[in-house]
Amino acid sequence: MTFAVKPIATGRLPQLLSQMPKAELHIHIEGSLEPELIFALAERNRMEIAYRTVEELRAAYAFTDLQSFLDIYYAGASVLIQAQDFYDMAMAYFARAAADHVVHAELFFDPQTHTARGISMETVIDGLHRACVDAQKRYGISALLIMCFLRHLSEQEAFETLEQAMPWRDRITGIGLDSGEVGNPPEKFAKVFARCRELGFRLVAHAGEEGPPAYVWTALDVLKVERIDHGVQSVKDRLLMERLARDQIALTVCPLSNLKLCVFPDLASHNLGKLLDAGIAATVNSDDPAYFGGYMNDNFLQTFAAIGLDTEQAYRLARNSFEASFIDDAARRRHLDHLQGCFDAFASPA
Ligand code: HPA
Ligand code: ZN
């Protein structure tokens, strides 16, 4: 692949990573709930929580795998009661995203985590949608919503969730699949994803985070998703790597998440560089930033430092984020032009 911009001094790489415009395509909005906000919302909603202090709660964020995280993540989300709570959570995320030069964000949300507690779909979508509208006004960030089905629950329950969301169909761009992966393969949701496709939703799914390459294959061939969330296990399957590269299927990679959930022993062992070298359209994302110790720029800065990526790879990652996003072509063109302008401005004088 040719480098579209002029050489940039490597000393300027951290500043470039921080300031380049980027899209975030893999953020669970409930995973942006910081301990301070959990305590504030618990107080506002007059709820008891199992930890006495913010520090005590944060100290519990020592995960060994995906499930050990999910247990705490679902417990944290239980303080979300009113539409205003969902709004405040999302606006706090947008403030962090704006500081990291995120100009477009696609937010996952998990309605079943809330409807199971008696919170209505309307409450959830009302708060999140209002925040997306205000993100544009306050920060100039475009944002859209991707509703995820919890894969540890049944396909029937996913169908019921879809039905409950239909009155707000126009506020939901895409459908995703998250929660505990191993033992819950994509094909478990074949019928509901087929229905979502008929309804015109954009489709994504978590696959190959902890689960095998076979799950990435079935996410693509059975669910017919357009992007794979995580997908880092794909390197174990040469044919799959060729498929991802040939069809330019984007992977929404989340390096700090992978580190905290012990998918890799350390960041230096992360395979983001291998994915890019194989010609795969990888992107960088934060997943659950309040739990994994970093937002977008933390992910970029720490990963680049640990595995030694360069300015060309920075450009490709940012470019991929816009190419793989669900924005319209005019907005995509505008963002790509700004990206180019940013790299040109950073280039060394000739
Ligand atoms: N994987 C699966 N489910 C999730 C995640 C994740 O990283 N974060 C929130 N729900
Ligand atoms: Zn995720």
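User: What makes the nitrogen atom of ligand 1 and the polar backbone atom of Ser179 a polar contact?

Analyst: A polar contact is a pair of N or O atoms within 3.5 Å, and these two are 2.8 Å apart, so the pair counts. Bear in mind that this is a predicted model, where local features need pLDDT of at least 70, side-chain atom pairs count only at pLDDT 80 or more, and totals for chains, interfaces and linings use all residues. Side-chain values use heavy atoms, without hydrogens and water.

User: Which side chains make polar contacts with ligand 1?

Analyst: Glu209 has a side-chain N or O atom 2.8 Å from a nitrogen atom of the ligand. His230 puts a polar side-chain atom 3.3 Å from a ligand oxygen atom.

User: How much of ligand 1 does the protein cover?

Analyst: Of the 260 Å² of accessible area that the ligand has on its own, 100% is covered (Shrake-Rupley method, 1.4 Å probe).

User: What makes up the shell around ligand 1?

Analyst: Four nonpolar, four polar and four charged residues. Here Leu, Phe and Tyr count as nonpolar, Asp and Glu as charged, and Ser and His as polar. Helix α4 (residues 66–76) gives the largest share, four residues; helices are DSSP runs of H or I, at least four residues.

User: Why is the Phe149 and Phe193 pair called edge-to-face?

Analyst: Rings pair if their centres lie within 6.5 Å, and planes over 60 degrees apart count as edge-to-face, under 30 as stacked and the rest as tilted. These centres are 6.2 Å apart with planes at 75°, so the pair is edge-to-face.

Terms used: Residues numbered from 1 in each chain as written. Chains lettered and ligands numbered in written order. Polar contact = N/O pair within 3.5 Å; in protein donor to acceptor, adjacent residues only side chain to side chain. Helix = DSSP H or I, 4+ residues; strand = E, 2+ residues; numbered from the N terminus. Phe/Tyr/Trp six-rings, centres within 6.5 Å; stacked < 30°, edge-to-face > 60°.
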